[in-house]
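Biologist: Could you pick one residue in this model and take a close look at its surroundings for me? I'd like to see how the picture widens from there.

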Amino acid sequence: MSDSAFAAALSMITSLDPEFVGIVGVSLQVSLTAVLIAAVIGMPAGALLAMKPFPGRSVVIVVVNALMGLPPVVAGLVVYLMLSRSGPMGGLGFLFTPAAMVIAQTILVLPIVIALTRQVVEDLWLEYRDHLTSLGQTGSAAIPTLLYDARFALAIALLAGFGRASAEVGAVFIVGGNIAGFTRTMTTAIALETSKGDLAVALGLGIVLLTLTLLINMFVFGASRVGRRYVG
Amino acid sequence: MHDMPSILPLAARNLVFEAEGKRLLHGIDFAIARGDRLALVGPNGAGKTLTLRILHGLLRPTTGSVLWGLDEGKRNGRKRHAMVFQKPVMLRRSVRGNIEHALAAAGFPRAERRERARDALARFGLISIAERPARVLSGGEQQRLAITRAAALEPDLLFLDEPSSSLDPGATRQVEAMLEDLHNSGVTLVFSTHDLGQARRLASRAAILNKGRVIEYGPARDVLEAPKSAEAKAFVAGDLLW
């Protein structure tokens, strides 16, 4: 069977089957939006965590590190409970929409961005502290400098976040509902088609998912390679 | 710029610094007048770096005070003293980027930064490496960039911690020429060094520190050629004090 499934998968990709393209589109849109939101919140938060001493800081660091391993189904369940009709945010009507999926994936990506940013910025702050303090950049005023100078390491952190978002199935399945043409993503479609026995579609989606991940990684790797050469 | 009121004189009054129950500075006193080139000399651990950091405002003394002639070392709200550290801190940017960043942090408007950075690069002969990443420069180039970056801020006073401790003789000469140039343009210099030759070449006044105390202080010639105290005599003669 696998030969024919593989051939069918390739023809689906090359013919740009509209349903197939739609699924890829939803996946990318949801995961990239989640990474973007997590970056905007997580990078400054990680930098603050790296620089500011406060009581309970070590506890926060351990919790954030632990949350990097948060099971997607648990994140999905929590978001489901928040967004369901009777939940505290039920009035938003987000459940079973891409918005709910973005929220769930943001929760999954955020700890990665915060934890990796903290690690990078902590080392950088140690190195830059005297100079930036001398220039009057103390406290949060130093954050833009630190994030900018950590940009290549942060690109890797965002890649890791994108990897987690695009690969997970549990959270988007629970809060998105795998509705065809609306909230169906590559991972939920693979799970569904495999269980239905339609291996061609599952395999085709798997190939696309892998290829996209590879392309995005190559792009970021290449960009930071070139960038590093200019910056040392 | 030097027609404007200066932030100098600067006086250190009985500076005491303690960390983890240990007293590292035991009442440091001296005064720095406009145009001085003060060398803080002494062995490692004498308290030279600590004194510079306190004067520059990076550390708060446990007791004692740092008195500026003008508004905490500021003029029109802008800090008028800068510091070059022993190990130059190089941002992950180009040579020009490093200077423009410092100017931005100090509050210079965007339009002025390019021009000031270019002037500073030209003045100290760094134009040819302006676009190179700062972190791949040689040690001597990095130190010259660190001094150029501080000079671009047009400080009244520049603190330098061991400005040439890890440099070869050629790079040391270049750094010393830059300091002469800065002094000639009216910048007051306060630098630490464990190199007595450098202190003799550059300083107009000198303070010998040992174990957190000033053991000799005055005009460089007197302090470095004919010190009064036995301790200072031993140090200048090259005997180990530690």
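Modeller: Here's a walk from one leucine outwards to the core, the chain contact and a helix. Bear in mind that this is a predicted model: local features need pLDDT of at least 70, side-chain atom pairs count only at pLDDT 80 or more, and totals for chains, interfaces and linings use all residues. Residues are numbered from 1 along each chain as its sequence is written, while chains are lettered from A and ligands numbered from 1 in the order in which they are written.

Let's start with L160(B), which sits in strand β8 (residues 157-161) of chain B. Strands here are DSSP E runs of at least two residues and helices are H or I runs of at least four, numbered from the N terminus. L160(B) counts as buried because 26 other C-beta atoms lie within 10 Å; the label takes 20 or more, with 12 or fewer for exposed and partly exposed in between, using C-beta atoms placed from the backbone. Skipping neighbours within four places in sequence, L160(B) is in contact with V84(B), L189(B) and F191(B). Contact means that those backbone-placed C-beta atoms lie within 7 Å. I147(B) is 13 residues away in sequence, and its C-alpha is 8.5 Å from that of L160(B).

Now look at L158(B). With residues up to four places away left out, L158(B) touches V84(B) and L189(B) too, along with A82(B), A150(B), L182(B) and V187(B). L158(B) is also among the residues with the most contacts inside the largest nonpolar core, a set of 132 residues; others include A39(B), A206(B) and V113(A). A nonpolar core joins buried Ala, Val, Leu, Ile, Met, Phe, Trp, Tyr and Cys residues through C-beta atoms within 7 Å. Helix α5 (residues 98-134) of chain A supplies the largest share of this core, 19 residues.

How do the chains meet? On chain B, 18 residues are in contact with 14 of chain A. β7 (81-84) and α2 (95-105) of chain B each give two or more residues to that side, and α2(B) gives the most, with three. The chain B side divides into 12 nonpolar, two polar and four charged residues; Ala, Val, Leu, Ile, Met, Phe, Trp, Tyr, Cys and Pro count as nonpolar, Asp, Glu, Lys and Arg as charged, and the rest, including Gly, as polar.

Over in chain A, there are 10 helices and zero strands, and 38% of its 232 residues count as buried.

Technical notes:
Two residues are in contact if their C-beta atoms, placed from the backbone, lie within 7 Å.
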